[in-house]
Amino acid sequence: YNAGAEKSLLEITRNFKKIEPVFVHIYSGNALKTDFLENGITVHSLNVHGPWNLKLAQKKLKEIYDLEQPDLVHATLFRAEIITRRLKKSYPAIPLINSFVSDSYSKEKFKNSNFLRKLKGVVIQEWSRYTGSRVDCFISNSETIKLSMCKALKVPSHKVKVSYRGRDIEKLSCGANMEMSNIFLEEYDLQDKTILINVGRLIETKGQKDIVEIMPDLLLGHPETVLLIAGEGNKRKELEILIEEKGLQDNIILLGNRSDVPQLLALSDVFVFPTYLEGLPGALIEAMISETVICCSNIPVNLECVDETSAVIFEVGNKDDMLKKLYFTMSNLANLQGRSHMAFEIASEKFNIKLISQAYEDFYMDAMKTQINKTKDK
């Protein structure tokens, strides 16, 4: 309930002017509920126990349908989507929208998985493909994900609208709070250091291990460098061991989850992003807004956000190329400020939350009008 998709939807719906949003979280966990309520958004907590108790979840969600009488239903993430597809038979007149938020069935995601995990992925893919015909339309958070998911689930491209997840440009571009920045720099003894920062879950596909492995070579040319990694995940212990093996305890700091990422970006010199797999990279977009110099992998979804005019790009998974491009970046920080400004301009146009909220509202209104016209035709 506190993942990126839900946070993005909160940012989008809090700016609605025509539509009254109502959120339902089906399973236990309400970490974001207070945030929704503080923004005047109704939240229903079903608190269904067990990850696959679909029958009970469907029964409880049906009660919410009957209570709220929705004009449109938008479900995000697999279990919620399956449940709303089951209910579509009982409520055929209510437009049903689902989301494509990640490359759920890519080879990269399952590359190092065991047989059972791969089998589960195939079963879920076939399940989603079979029930997808009940969905009236989909929203994808990037063109890259649209292409991949349409192919994986055999969804006609005309049923999918691309709408990026946005950010509050004004809020995130306010710059660093100097007092807080000085406290942070003193706490970690980072004065006069060149600061690299990575933001993301500590999981294999985010590529933090690649950065750690090239750090000894990077330090040969830039000995006053410190890497901050903000995020948590199942690879933390592995990273800690690798950092210790390479003697990098003074040069790499695992910060864990942070609520002050915009501040950290503002005081950092380079945002390094070696990710192998993304839906829409929110951390990259926030780095664009902060005007931090960006050095990132060349996966297609990253290249929907930046290019060689707004970032330094390296080949994904190629540690030699990443080292070369990071070395270049750190040696030319002053000359790369133009690219950072260009990244900010791109983010202001493509990822402005106010414009995206308006696009979502317009899309919902069109979907409801289309459904009304279909009903009249019948």
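Student: I have the predicted model open. Which strand is joined to strand E4 (residues 96-100), and by how many bridges?

Tutor: Strands of a sheet pair through backbone hydrogen bonds, either parallel or antiparallel. Here, strand E4 (residues 96-100) runs parallel to strand E5 (residues 137-140), and four bridges join them. To find one of these pairings on your screen, go to Ile97: its bridge partner in E5 is Cys137.

Student: What is the strand order of the open sheet that holds E4 and E5?

Tutor: The order is E3-E4-E5-E6, an open sheet of four strands with parallel pairing. Strand E3 (73-75) and strand E6 (160-162) are at the edges with a single partner strand each, so one side of each has no neighbour in the sheet. From one strand to the next, the twist averages 25°.

Student: Which strands does helix H4 touch?

Tutor: Helix H4 (residues 78-87) packs on this sheet and touches E3, E4 and E5. Follow its direction against that of E4 and you get an angle of about 160°.

Student: Let's move along the chain. What order do the strands take in the sheet of six?

Tutor: Read across the sheet, the order is E9-E8-E7-E10-E11-E12. This sheet is open too, and its pairing is parallel. Strand E9 (252-256) and strand E12 (312-314) are the edge strands, each pairing on one side only. The twist averages 20° from one strand to the next.

Student: How many bridges join E7 to E8?

Tutor: Six bridges join strand E7 (residues 194-199) to E8, and the two run parallel. Thr194 is a good place to begin, as it stands opposite Thr225 in E8. On to the next pair: E8 and E9 are parallel as well, over four bridges. There, Leu227 has Ile252 of E9 as its bridge partner.

Student: Is strand E8 buried or exposed?

Tutor: A residue counts as buried when its relative accessible area is under 20%. In strand E8 (residues 225-230), six of the six residues are buried, so the strand is largely enclosed by the rest of the structure. Look at the two faces in turn: Thr225, Leu227 and Ile229 point one way, while Val226, Leu228 and Ala230 point the other way, and all are buried.

Student: And strand E11, how many of its residues are buried?

Tutor: Five of the five residues in strand E11 (residues 293-297) are buried, so to speak of it as mostly covered is fair. Strand E10 (residues 270-273) runs parallel to E11, with four bridges between them. One pairing to look for is Phe273 with Cys296 of E11.

Student: Now a single residue. Where is Leu265, and what does it touch?

Tutor: Leu265 is in helix H12 (residues 261-267). With a relative accessible area of 1%, Leu265 is buried. Leaving aside residues up to four places away in sequence, Leu265 touches Ile197, Phe271, Glu286, Ala287, Ser290 and Thr292. Sequence distance and spatial distance are worth reading side by side: Leu265 and Val199 are 66 residues apart along the chain, yet their C-alpha atoms are separated by 9.2 Å.

Student: What is the crossing angle of helices H10 and H15?

Tutor: The axes of helix H10 (residues 208-221) and helix H15 (residues 319-331) cross at roughly 45° and come within 10 Å. The two helices are therefore oblique to each other, and H10 passes H15 in a right-handed crossing. On the H10 side the contact includes Ile211, Ile214 and Leu218, and on the H15 side it includes Met322, Leu323 and Leu326. By class, the contact has eight nonpolar, one polar and four charged residues.

Student: Last one: which residues other than glycine have a positive phi?

Tutor: Two to check are Lys154, with phi near 55°, and Glu291, with phi of about 60°. Lys154 lies in the loop between helix H7 (143-153) and E6, and at 61% relative accessibility Lys154 counts as exposed. Glu291 is in the loop between helix H13 (282-290) and E11, and its relative accessible area of 33% makes it partly exposed.

Terms used. Residues are numbered from 1 along each chain as its sequence is written. This is a predicted model: local features need pLDDT of at least 70, side-chain atom pairs count only at pLDDT 80 or more; totals for chains, interfaces and linings use all residues. Side-chain values use heavy atoms; hydrogens and water are left out. Axes are lines fitted to C-alpha atoms, for helices over the stretch in contact, and angles run from 0 to 180 degrees between N-to-C directions. Angles under 35 degrees count as roughly parallel, over 145 as roughly antiparallel, 65 to 115 as roughly perpendicular and the rest as oblique. A crossing is left-handed if the near helix is turned anticlockwise from the far one by less than a right angle, and right-handed if clockwise. Contact means heavy atoms within 4.5 Å. Ala, Val, Leu, Ile, Met, Phe, Trp, Tyr, Cys and Pro count as nonpolar, Asp, Glu, Lys and Arg as charged, and the others, Gly among them, as polar. Buried means under 20% relative accessible area, exposed over 50%, partly exposed in between (1.4 Å probe, protein chains only). Two strands pair if DSSP finds at least two bridges between them.
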